[in-house]
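Colleague: I am new to this structure and should be grateful for some guidance on how to read it. May we go through its features in turn?

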Amino acid sequence: MKEPARYPNYDTEEQEAIAAFLASINHSRVKADIKARDKHPNVDGTVEIVDKRSIPQGKLDVQIRKIPSGSKSYQCPSSLYAYSQTSTLPVVLIACDPKTPTIFWRHVYGGMPEYKDGQASFIVRFDDSDRISDNEYYVDRWLALSKEYSNRIENYPALASRVAKQLDIEGVSSSDYQFFQSYVDNLNSLLSNDFQSLRSRILPPTWKFGVGISQASEETIYYHLYRIELGSKVPSVVCVDPMPFDELFTDQSAVSFSYLKRAALSAPHEMALKFYERSISEAFSGFQFIVHGIEVAKNVVGTFIERYPRVFQIDSSKDYTLQQVKDALYSGLAKACSHLVPLPVSNDQVHIGLVDLIDLESWLKAHPVPETVEPVSLDSYLIRTLDVPIQALKDAIAFLDANSVTLIRNPWLRLNRVGGFLWEIDDSLALRENVARYCDKVVANYLRFISGNSLAFPDSPYIKPDVTVAFAFEEGKESGIGGGPILHEYHLDNSDLSLPKQLGLLGFDGLELKREDKDVLVEINERTFKVLSGSSSSADWLFRPFPYLRGIYGMLARDFRDKYDYNLNVS
């Protein structure tokens with residue numbers, strides 16, 4: 001007699017992991033809907049965060065996996081990363097050690113530093129801040145995560161409820177439909193192939209966009225965008241009922257409400273690029289791209305530590321550990337925020353505090369944090385900074401952690417200003433050492449930065465192997481407007497691939513620039529190389545906080561301009 005089919009070998013492990021996870025969570029705040037032995041790929045179910053009245057506040061997709069006893073890492077399949085790029089919910093990996101029991105979690109998102117393109121899997125490492133424990137910080141972090149996603153989704157609702165019963169609207173011709181079909185195809189192609197990373201931070205979490213046409217006349221067409229969720233059988237171009245004017249700014253369906261003159265119905269690709277330009281411009285002004293690159297990450301961490309010494313309580317004059325930075329951020333800063341802005345205890349409301357880091361640094365001078373302050377979750381506060389957001393510090397920590405960097409010192413030495421202008425400093429040699437160190441590493445860091453953010457610029461001089469990048473630096477005058485420092489950038493012909501991708505700072509590492517007739521040449525080891533192109537620009541940003549990050553954004557702005565014709569400004 002033939003035996004019944006066996007359960008798969010991993011079934012016991014899966015059930016043990018699910019049981020351990022369900023035993024670890026606070027069921028009065030977390031409502032889990034886990035499908036045991038479910039055949040759905042990528043996720044095992046969802047968890048919903050509720051307040052103390054059991055009213056839903058946020059939702060997450062979860063995948064639950066067992067890890068060996070004592071392990072603090074998991075080999076995550078790249079398919080889960082790919083799924084996170086299309087899910088409209090935050091995707092969370094739950095790693096369970098049932099024997100201890102110890103439960104870790106990690107948000108899986110586009111641009112996370114552990115992931116490398118082309119790999120079938122990648123290692124996710126956990127520490128104590130990733131544990132699900134009795135202090136329930138994980139609930140606050142899950143709630144903040146789901147709120148951030150839902151805030152972006154609210155601006156781009158799913159298919160509008162005003163979809164017309166009939167597909168025809170008077171004045172909407174077949175050529176109009178063809179144009180908008182081409183427009184939405186370009187939108188979705190750019191979203192999938194060029195701007196994947198924008199899903200993680202800037203654009204709403206969505207699979208695709210669709211277009212709803214509401215009115216058409218001989219001169220104009222009125223339309224708006226809507227979200228299409230993964231697997232949804234929704235057409236990408238539909239007609240929607242017209243919206244009264246007084247509802248345009250109150251109805252959530254009035255997203256990206258636009259009108260277009262028919263004279264502009266000739267360039268759907270350019271119109272699609274224009275749609276994304278605003279989001280990318282916001283990402284530039286707010287430094288919202290995910291931090292990648294060793295020196296960039298160290299500079300971000302080091303600048304925060306130096307800028308807010310009372311907040312982080314770390315001596316920046318010597319090396320310090322990444323664990324010190326983690327503790328200073330997630331414990332020290334959280335306590336300082338609680339000291340400045342204590343949150344009320346409420347049974348029916350979730351309270352969020354607003355803290356400005358500059359105000360906090362000043363306030364701590366006279367009001368140091370007492371030992372009696374109760375620890376809180378940092379996610380209970382919105383942290384406001386002067387320019388680079390606190391999220392960049394979190395990104396930098398995550399990148400350094402993923403790349404096993406344990407010891408940190410800011411690669412940019414602090415310079416003391418002695419005059420009224422940024423570039424009037426007291427140590428010219430230290431300045432040139434800073435610039436030389438920056439120029440030696442910036443291209444390699446840029447490659448990591450754009451790769452980690454899923455951006456592609458194959459024709460960029462920073463990417464092409466037959467182009468070598470070199471820099472020259474002119475110090476600023478002692479004083480005077482217009483007398484600031486200048487950074488020259490040169491792109492050399494490296495057709496024979498005899499040069500490295502990046503040279504050191506010209507005039508500093510024995511590399512000299514010379515001119516013959518109309519050509520600009522660089523002489524290296526008695527060989528001359530022609531300069532294909534070059535640029536010169538003010539380098540006062542080198543004297544501002546976060547110079548490595550500002551430099552990376554400057555290079556990124558040039559590549560966006562050359563590929564997409566975007567005019568982007570770095571803050």
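Modeller: Let us begin with a term: helices and strands here are DSSP runs, of at least four residues for a helix and at least two for a strand, numbered from the N terminus. Please note also that this is a predicted model. On that basis, the secondary structure of the protein comes to 13 helices and 21 strands.

Colleague: What percentage of the residues in the protein is buried?

Modeller: Buried residues account for 49% of the 571 residues. As for the contacts with a separation of 6 or more, 71% of them join residues 24 or more positions apart.

Colleague: How should I read a nonpolar core, and which residues have the most contacts inside the largest one?

Modeller: In soluble globular proteins, nonpolar side chains tend to be buried together. In this model the largest nonpolar core has 104 residues, and those with the most contacts inside it are Tyr-183, Tyr-276, Phe-289 and Phe-560. Helix H12, residues 428-452, supplies the largest share of this core, with ten residues. Another core, of 24 residues, lies apart from it and includes Ile-34, Ile-94, Val-139 and Trp-142.

Colleague: Which residues does Phe-289 touch, leaving aside those up to four places away in sequence?

Modeller: Among them are Ser-197, Leu-198, Ile-280, Phe-449, Asn-453, Tyr-553 and Phe-560. Phe-560 is also one of the residues with the most contacts inside the largest core.

Colleague: Let us turn to sheets. What is the order of the strands in the open sheet of five?

Modeller: Strands of a sheet pair through backbone hydrogen bonds, either parallel or antiparallel. Here the order is E1-E2-E3-E5-E6, and the pairing is mixed. Strand E1 (30-34) and strand E6 (102-108) are at the edges; each has a single partner strand, so one side of each is left without a neighbour in the sheet. From one strand to the next, the twist averages 30°.

Colleague: In which sense do E1 and E2 pair?

Modeller: E1 and strand E2, residues 45-50, pair in the antiparallel sense, over five bridges. Within this part of the sheet, Ala-32 stands opposite Val-47 in E2. Helix H1, residues 11-24, lies across E1, E2, E3, E5 and E6 and runs at about 145° to E3.

Colleague: Which strands form the open sheet of four?

Modeller: Its order is E10-E8-E9-E11, with mixed pairing. Strand E10 (237-239) and strand E11 (258-261) stand at the edges, each with a single partner strand, so one side of each has no neighbour in the sheet. Neighbouring strands of this sheet are turned by 35° against each other on average, direction ignored. Strand E8 (residues 208-216) and strand E9 (residues 220-228) pair in the antiparallel sense over eight bridges, and Val-211 stands opposite Leu-225 in E9. Helix H4, residues 174-193, lies across E8, E9, E10 and E11, at about 155° to E8.

Colleague: How does one describe two packed helices, and at what angle do the axes of H7 and H13 cross?

Modeller: Two packed helices are described by the angle between their axes and the distance between the axes. The axes of helix H7 (residues 294-307) and helix H13 (residues 547-564) come within 7 Å and cross at roughly 130°. H7 is therefore oblique to H13. On the H7 side the contact is made by Glu-295, Val-296, Asn-299 and Val-300, and on the H13 side by Pro-547, Tyr-548, Leu-549 and Ile-552. By class, these are six nonpolar, one polar and one charged residues.

Colleague: There remain some backbone details. Which peptide bond is cis, with omega near -20°?

Modeller: The bond from Thr-100 to Pro-101 is cis. Pro-101 lies in the loop between E5 and E6.

Colleague: What is the phi of Ser-54, and where is this residue found?

Modeller: Phi of Ser-54 is near 65°, a positive value in a residue other than glycine. Ser-54 is found in the loop between E2 and E3, and it is partly exposed, with a relative accessible area of 43%. Ser-454 likewise has a positive phi, of about 55°, although it is not a glycine. The place of Ser-454 is in the loop between H12 and strand E16 (467-474). Ser-454 is partly exposed, with a relative accessible area of 25%.

Note on methods. Residues numbered from 1 in each chain as written. Predicted model: local features only at pLDDT ≥ 70, side-chain atom pairs only at ≥ 80, totals over all residues. Heavy atoms only, no water. Core = buried A, V, L, I, M, F, W, Y, C linked by side-chain atoms within 4.5 Å. Buried < 20%, exposed > 50% of the residue type's maximum accessible area, 1.4 Å probe, protein only. Contact = heavy atoms within 4.5 Å. Pairing = 2+ DSSP bridges. Axes fitted to C-alpha atoms, helices over the stretch in contact; angles between N-to-C directions. Parallel < 35°, antiparallel > 145°, perpendicular 65-115°, else oblique. Nonpolar A, V, L, I, M, F, W, Y, C, P; charged D, E, K, R; others polar.
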